[in-house]
Structures are given as C-alpha cells and as structure tokens.
Amino acid sequence: MSIRNIVAVVMFSILAIFFVFTAFMITFGAPKETKMDDYIIMNTQNETGTNSGVTTIVFDYRGFDTLGEATILFAAVSGVLMIFRRVKK
Amino acid sequence: MSEMSKIVRTISNIIFPFIMVFGLYVIAHGHLTPGGGFQGGAVAASGCIMLIVAYGSTWVLGKIKTSRLAVFESTGALGFIGVAFLGLIFGGYFFNNFLVRKGILFNVVPKTGFTGSEFNTAGVLPLMNFSVGVKVIAGLFVIVLVMAYASSLKEWKE
C-alpha cells in the first residue's frame, strides 16, 4: 500500500466525518440563527417595496455582491475577446 | 462550425422567438417572480447560441459584429453602476433604492404579507435587472460566438 493510497483514505475519511457531522448536528429546516432571515422576511416589502425577497437580497441588500458578479462577467468577456482576436498579418 | 441540416434550422427558426420572449419575460418580471437579470439573460443568450449551433458561426458573424455585442455588454455594466451612483447622488449612499417611495416610476409599496403582484413596485430593481440582463445576453453570446468562430478556422498561424 503506497503512501498515496494512505493519504487518499485519510482525506476521504475526514470528508465523510464532516458530512456525517453536518447531516446530524444541524437539523434540516431548523437553522439555529434566524435573526437575519426573520428581519428580511418581515421588512423587505415595507423597506424596498418588492414582493420577491430573493431579488431584494441580490440587488438591494447585497448589491455589492452582484457588482462583483458583473465585474467577473466583464473580465471574462474581455479576456475571451482579447485571446481570440483577429491578428492582422 | 458549418450550418446543420434543414430540419434543425427550421425547428430552431420556430422555437427561437419563444425562447427570446421567455427570457425577456424573466428579465422584466425579475422583481415579482423567480429569476432575474442573470437567469433571464442566460435563457435569452442560450436562444441566440442555438442560432450559432444551427446556422454556423460564420453566418451569425455576417449578421452582427462582435464589437457591437461588446458595446452592448459594456452598456449593461455602465447602466448597473450608473443606477448605483444615482442612488449615491439622490439617496445619500451607494446602491440606495432611491425610487421606492418618492420616484416617478416603480414607486408603489405593497402591503406586508401575501399580496398580489403589481408591476409598478420595487424601486430601482427593475432597472438593475434590465441592465444586468442586457449585459448577460451580450456577454454570453459574444463569448460563445467568438469561441465557435475560432474553432471553425481552418488554418492556425503561429
């Protein structure tokens, strides 16, 4: 048994332990900290006038996150257009 | 990529308007229904990519230039940041929802709880959805178009 197999077994057992602990320690559908969820559910219609809470979080409460996503898309388009440009002979 | 058979082209001709209308619907109703600018933009861009697959990238490049699509993409990004800066000017801080109670458009505030969906709500969120949608449509379309054209070239000169 080479050292590579031993390392793989150790890594997979650590991963399995993580999965098992996550599955049994946190009950499904009942998170421990619900303060922010309750705040957003109760106040999103009054504060932002939006019926869809997910859109409110994406574009209003977490607007900087969406700005980062837009920047990533812009960088990807710029990189692709730069790599595949037509080179004049 | 050359063009595919006539069956594929006919079917893509038929379903292309429906895909585009669905994508634009998801963008326009992003503040009411599931989805938004990114998701609807991805749907509409996949409709355009279907045209690339059916007709070939050379035909599509004869219809629209990549530089024009890049201009659309940058326009979407500038619109998004511009709306955010308008919040800085009119509301006091970056990404402020300045239209929500005192604006001309999208200024209705619904009651808390289960309400009907009214389109004229949500402040600046429809504008942001629209600009992000334009950006995602043009961005994904130009990425796939340029890659498809580059992979269809016969000769690669170093």
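Here's a quick tour of chain B and how it meets chain A. Keep in mind that this is a predicted model. Chain B has five helices and zero strands, so to speak an α-α-α-α-α pattern when you read along the sequence.

**Overall build of chain B**
- Chain B isn't a neat ball: its radius of gyration is 19 Å, while a compact globule of 158 residues would have one near 15 Å.
- Along its principal axes, the C-alpha trace of chain B spans about 60 × 35 × 20 Å.
- Of its 158 residues, 39% count as buried.
- Take the contacts in chain B with a separation of 6 or more, and 67% of them link residues 24 or more positions apart.

**Where chain B meets chain A**
- On the chain B side, 34 residues are in contact with 20 residues of chain A.
- Helices α4 (66–90) and α5 (125–152) of chain B each put at least two residues into that side.
- The largest share, 11 residues, comes from α5(B).
- By type, the side of chain B that touches chain A splits into 20 nonpolar, 12 polar and two charged residues.

**A look at helix α4(B)**
- At 1.5 Å a residue, the 25 residues of α4(B) should span 36 Å, and its end C-alpha atoms are indeed 36 Å apart, so the two agree.
- Buried residues in α4(B) include Leu69(B), Glu73(B), Phe80(B) and Val83(B).
- What covers the buried residues of α4(B) includes α4 (63–83) of chain A together with α5 of chain B.
- Just after α4(B) comes Gly92(B), with a positive phi of about 115°.

**The nonpolar core**
- In soluble globular proteins, nonpolar side chains tend to be buried together.
- Here the largest nonpolar core has 42 residues, and among the members that touch the most others are Ala45(B), Phe80(B), Met128(B) and Val142(B).
- Both chains pitch in: α3 (53–61) and α4 of chain A, plus α1 (6–28), α2 (37–55), α4 and α5 of chain B, each supply at least two residues of this core.
- The largest share of this core, 14 residues, comes from α5(B).

**Two residues to look up**
- Not counting residues up to four places away in sequence, Val142(B) touches Val77(A) and Leu81(A), and also Thr66(B), Leu69(B), Ala70(B) and Glu73(B).
- Ala148(B) sits in helix α5 of chain B, and it counts as partly exposed because it has 19 C-beta neighbours inside 10 Å, where buried would take 20 or more.
- The C-alpha atoms of Ala148(B) and Ile52(B) are separated by 8.0 Å, though the two residues are 96 residues apart along the chain.

Notes: Residues are numbered from 1 along each chain as its sequence is written. Chains are lettered from A and ligands numbered from 1 in the order in which they are written. This is a predicted model: local features need pLDDT of at least 70, side-chain atom pairs count only at pLDDT 80 or more; totals for chains, interfaces and linings use all residues. Two residues are in contact if their C-beta atoms, placed from the backbone, lie within 7 Å. Helices (H or I, at least four residues) and strands (E, at least two) are DSSP runs, numbered from the N terminus. Ala, Val, Leu, Ile, Met, Phe, Trp, Tyr, Cys and Pro count as nonpolar, Asp, Glu, Lys and Arg as charged, and the others, Gly among them, as polar. A residue is buried if 20 or more other C-beta atoms lie within 10 Å of its own, exposed if 12 or fewer, and partly exposed in between; C-beta atoms are placed from the backbone. The expected span of a helix is 1.5 Å times one less than its number of residues. A nonpolar core is a set of buried Ala, Val, Leu, Ile, Met, Phe, Trp, Tyr and Cys residues joined through C-beta atoms within 7 Å. The radius of gyration is taken over C-alpha atoms; the globule rule is 2.2 Å times the number of residues to the power 0.38.
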